[in-house]
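Hi everyone, thanks for making time this morning. Let me put the sequence and structure up on the screen so we can walk through a few spots together.

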Amino acid sequence: NLILNFLKTNSEIKILEIGAGLGVLQVILNNVIKKSKVTIIDYKKNLKVQKYYLSNEFKNNPEKLFDYYSVEGMNLKNLKKVNSEKFDLVINTDSMQEMSLKQINIYLKYIFENIKDKGIFYFQNHYHHEKSNLKFNQVYNFEKKFEVIHELFKEKYFCGQNENQIALILKKNKNSKKYLPSFNLLKNSKQ
């Protein structure tokens, strides 16, 4: 309800989704948000599927705008070229846990610098980092960059696997003027 109330507005909502999978979440959000501009960042092979799926889902809605960017060769310099607008909503579900610590640092810095002051960051990932086996706070350390508005769930048994999941609704920390990566992101950024 917190996100839905935030999104119910007459003005255009600017959304960034990192790792959009098939693109189903955008179809669901379209039931709430009538006017949005969506930027999707993903692997080229996934973008092809998303473009096909979303173009079919929204063929009767030409106002629906999607921009697609490939993650291959993505670094902070290239990421800054993605979109010059600030985002109202940033979404990352089930992909940061698969990224290198360096990639996570790049994305978190980009999100911090490009989310509106009153924007929302929806984060849903495994509680541990798959590539380093570091725990959640050792990798993300959100409290320095973002304020947790709501913690949605932590489950030990998820999708038939014994995994810990966490979903957070975050907003930019007003007291933090500059992005500061967690110690482990700096120390292990080559992973």
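I'll talk about aromatic rings, then a loop residue, and finish with a patch on the surface. Please keep in mind that this is a predicted model.

Let's start with the rings. How many aromatic pairs does a search of the whole structure find? The search turns up five. One of them is formed by Phe-58 and Phe-66, whose ring centres are 5.5 Å apart. With 45° between the planes, this pair is tilted. Are these two rings' residues buried or exposed? Phe-58 has a relative accessible area of 9%, so the residue counts as buried. Phe-66 is buried as well, at 16% relative accessibility.

Now over to a cluster. Phe-112, Phe-121, Phe-123 and Phe-146 are linked by ring pairs. Phe-112 has a charge for company, too: the charged end of Lys-172 sits over its ring, 4.8 Å from the centre.

Lys-172 belongs to strand E7, which spans 161-172, and Asn-173 lies in the loop between that strand and helix H7 (183-187). Asn-173 is buried, because its relative accessible area is 16% and the cut-off is under 20%. What does Asn-173 touch, leaving aside neighbours within four places in sequence? Its contacts are Glu-143, Lys-144, Lys-145, Phe-146 and Glu-147. Phe-146, you'll remember, is part of the ring cluster.

Finally, the surface. Leu-22, Val-24, Ile-28 and Val-49 form a nonpolar patch there, and together they have about 310 Å² of accessible area. Ile-28 is found in helix H2, residues 24-30, and is partly exposed at 49% relative accessible area.

That's my tour, so over to you!

Key:
Residues are numbered from 1 along each chain as its sequence is written. This is a predicted model: local features need pLDDT of at least 70, side-chain atom pairs count only at pLDDT 80 or more; totals for chains, interfaces and linings use all residues. Side-chain values use heavy atoms; hydrogens and water are left out. Rings of Phe, Tyr and Trp (its six-membered ring) pair if their centres lie within 6.5 Å; planes under 30 degrees apart count as stacked, over 60 as edge-to-face and the rest as tilted. Buried means under 20% relative accessible area, exposed over 50%, partly exposed in between (1.4 Å probe, protein chains only). A charge sits over a ring if NZ of Lys or CZ of Arg is within 6 Å of the ring centre and within 35 degrees of the ring normal. Helices (H or I, at least four residues) and strands (E, at least two) are DSSP runs, numbered from the N terminus. Contact means heavy atoms within 4.5 Å. Patches are made of residues with over 30% relative accessible area and no salt bridge: like charges are joined within 9 Å, nonpolar side chains (Val, Leu, Ile, Met, Phe, Trp, Tyr) within 5 Å. Accessible areas come from the Shrake-Rupley method with a 1.4 Å probe; for residues, only the protein chains shown count as cover. A salt bridge is a side-chain nitrogen of Lys or Arg within 4 Å of a carboxyl oxygen of Asp or Glu.
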